[in-house]
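Colleague: I'm new to this structure and would love a close look at one part of it. Could you walk me through the nonpolar core, and then through whatever else helps me place that core in the chain?

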Amino acid sequence: MRTCDLCGATDFRPLAFYYELEGERLQGVECRACSLKFLDPLPTPPQLERLYGKAYFTDRDSYNREEKGRKFIEESDRLDLSKPRPDKFTEYMLAHYPGRTFRYLEVGCGPGYTLKSLEALGWQAHGLEISAHAAEFARQQLGLPVVTGNIETTEDFRADQFDLVYMGDVIEHLRSPSATVAKFGRILAPKGVLVLALPSALNLPALRMGLGAYGLLGKQRKMDIPPYHLYEFTPTTIRALLEKHGFRVVDLRNSVKRPSQIRLGGNVVEQASKLVGQYPTYWLNRLTGGFGDRIFVVAENGKAG
């Protein structure tokens with residue numbers, strides 16, 4: 001019997017959306033006990049292997065409409081990797097841990113550009129990347145210690161090996177986020193820092209209202225993209241997941257994409273509704289810090305030294 005990955009309950013409420021994968025219906029559901037949202041059933045491991053082939057990393061359209069021309073692997077000789085690349089993770093770490101060096105692991109490191117740039121700070125940078133194509137590039141072109149593999153199955157890392165782990169836009173793709181967070185608790189040293197960045201699309205008021213309307217009409221929305229996201233987290237459920245495994249949340253930020261960045265899938269009416277809903281949500285988030293579709297959370301490993 002399927003159980004909730006967060007709390008272990010077995011009573012789920014169907015949501016008003018579903019995916020189809022290889023002729024199988026994957027229903028969106030919500031755990032009645034803890035409110036975690038996920039697909040039931042989950043894709044099988046072989047289905048996920050097919051879903052995440054090379055084309056996913058090289059040919060897939062960007063979800064950010066401002067970055068349609070961006071390549072997954074760029075010409076590295078055109079990039080300045082002698083200093084940290086400007087992104088939310090590096091800017092946060094440099095602001096909150098100035099001068100500190102880390103034994104660092106990035107899960108889902110891609111071709112390794114961020115890893116290479118952080119070596120310039122004296123960090124001991126390691127990577128894990130599911131794409132063999134990207135991992136090979138990181139090893140051969142950038143000389144980085146990057147392991148090809150899946151965080152859920154790899155046994156390449158030892159206990160207390162790292163002071164810092166970062167995983168951006170990965171946890172929602174995993175079959176068991178709970179088992180992965182437990183693994184982070186093992187490979188991180190006591191007081192080690194875990195940073196997660198992830199989407200929180202079903203936290204958006206407009207999307208909740210839209211799915212609610214489908215539900216009231218007794219309809220189901222078939223999603224027009226493959227089921228890449230197996231879980232949908234909110235600030236409440238990601239905090240509960242971390243605390244379940246002994247992590248102490250020290251910072252949690254809930255932001256929202258600018259209207260120019262959102263993916264406009266669906267028919268013309270749905271596209272217009274997304275844009276109309278995104279503008280007030282964006283400004284509401286700027287005023288309150290809530291109702292966002294992105295989560296950035298920093299947690300400290302609470303295991304004893």
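Modeller: Happy to! This is a predicted model, and the place to begin is its largest nonpolar core, which has 53 residues. The residues with the most contacts inside this core are Ile171, Phe184, Leu196, Ile238 and Leu242. Strand 1, residues 12-21, supplies the largest share of the core, with 6 residues. If you would like one residue to zoom in on, try Leu242. Leaving aside residues up to four places away in sequence, Leu242 touches Val181, Leu194, Leu196, Phe247, Val249, Val297 and Ala299. Leu196, one of these partners, is also among the residues with the most contacts inside the core. Apart from the largest core lies another one, of 25 residues, including Phe102, Ala125, Ala138 and Val195.

It helps to set this against the whole chain. The protein chain holds 9 helices and 12 strands, and buried residues make up 47% of its 305 residues. Take the contacts between residues at least 6 apart in sequence: 71% of them join residues at least 24 apart.

Now let's turn from nonpolar side chains to charged ones. In general, side chains of opposite charge can pair when their charged atoms come close. Here the count comes to 15 salt bridges, and a few of them are worth finding in your viewer.

Start with Arg139 and Glu136, whose closest N and O atoms are 2.9 Å apart. Both sit in helix 5 (residues 132-142), and because they are 3 residues apart there, about one helical turn separates them. Arg139 counts as partly exposed because its relative accessibility is 29%, and Glu136, at 35%, is partly exposed too.

The next pair reaches across the sequence. Asp160 forms a salt bridge with Lys303, with 2.5 Å between the closest N and O atoms. Asp160 belongs to the loop between strand 6 (146-148) and strand 7 (162-168), while Lys303 is in the segment after strand 12 (294-301), so this salt bridge ties together parts that are 143 residues apart in sequence. Asp160 is partly exposed, with a relative accessible area of 34%, and Lys303 is partly exposed as well, at 27%.

A further salt bridge joins the side chains of Lys191 and Glu300, at 3.7 Å from N to O. This one also links distant parts of the chain, with Lys191 in strand 8 (residues 188-199) and Glu300 in strand 12, 109 residues apart. Lys191 is exposed, with a relative accessible area of 53%. Elsewhere, salt bridges that share partners join Arg13, Glu30 and Lys37 into one network.

That network leads us to a last stop, the second largest pocket, since Arg13, Glu30 and Lys37 are among its lining residues. About 200 Å³ of space lies in this pocket. Other residues of the lining include Pro14, Leu15, Ala16, Leu202, Leu207 and Arg208. Strand 1 and helix 7 (205-216) are the elements that give two or more residues to the lining, and helix 7 provides the largest share, 5 residues. By class, the lining has 6 nonpolar, 2 polar and 4 charged residues. Strand 1 therefore brings us back to where we began: it gives two or more residues to the pocket lining, and it contributes 6 residues to the largest core.

Methods
Residues are numbered from 1 along each chain as its sequence is written. This is a predicted model: local features need pLDDT of at least 70, side-chain atom pairs count only at pLDDT 80 or more; totals for chains, interfaces and linings use all residues. Side-chain values use heavy atoms; hydrogens and water are left out. A nonpolar core is a set of buried Ala, Val, Leu, Ile, Met, Phe, Trp, Tyr and Cys residues joined through side-chain atoms within 4.5 Å. Buried means under 20% relative accessible area, exposed over 50%, partly exposed in between (1.4 Å probe, protein chains only). Helices (H or I, at least four residues) and strands (E, at least two) are DSSP runs, numbered from the N terminus. Contact means heavy atoms within 4.5 Å. A salt bridge is a side-chain nitrogen of Lys or Arg within 4 Å of a carboxyl oxygen of Asp or Glu. On a 1 Å grid over the protein atoms alone, a cavity is a set of points where a 1.4 Å probe fits but cannot get out, and a pocket is an open set with protein on both sides within 12 Å along at least five of seven lines; lining residues have an atom within 4 Å of a point. Grid points are joined across faces, edges and corners, and a volume is the space filled by probe spheres set on the points. Ala, Val, Leu, Ile, Met, Phe, Trp, Tyr, Cys and Pro count as nonpolar, Asp, Glu, Lys and Arg as charged, and the others, Gly among them, as polar.
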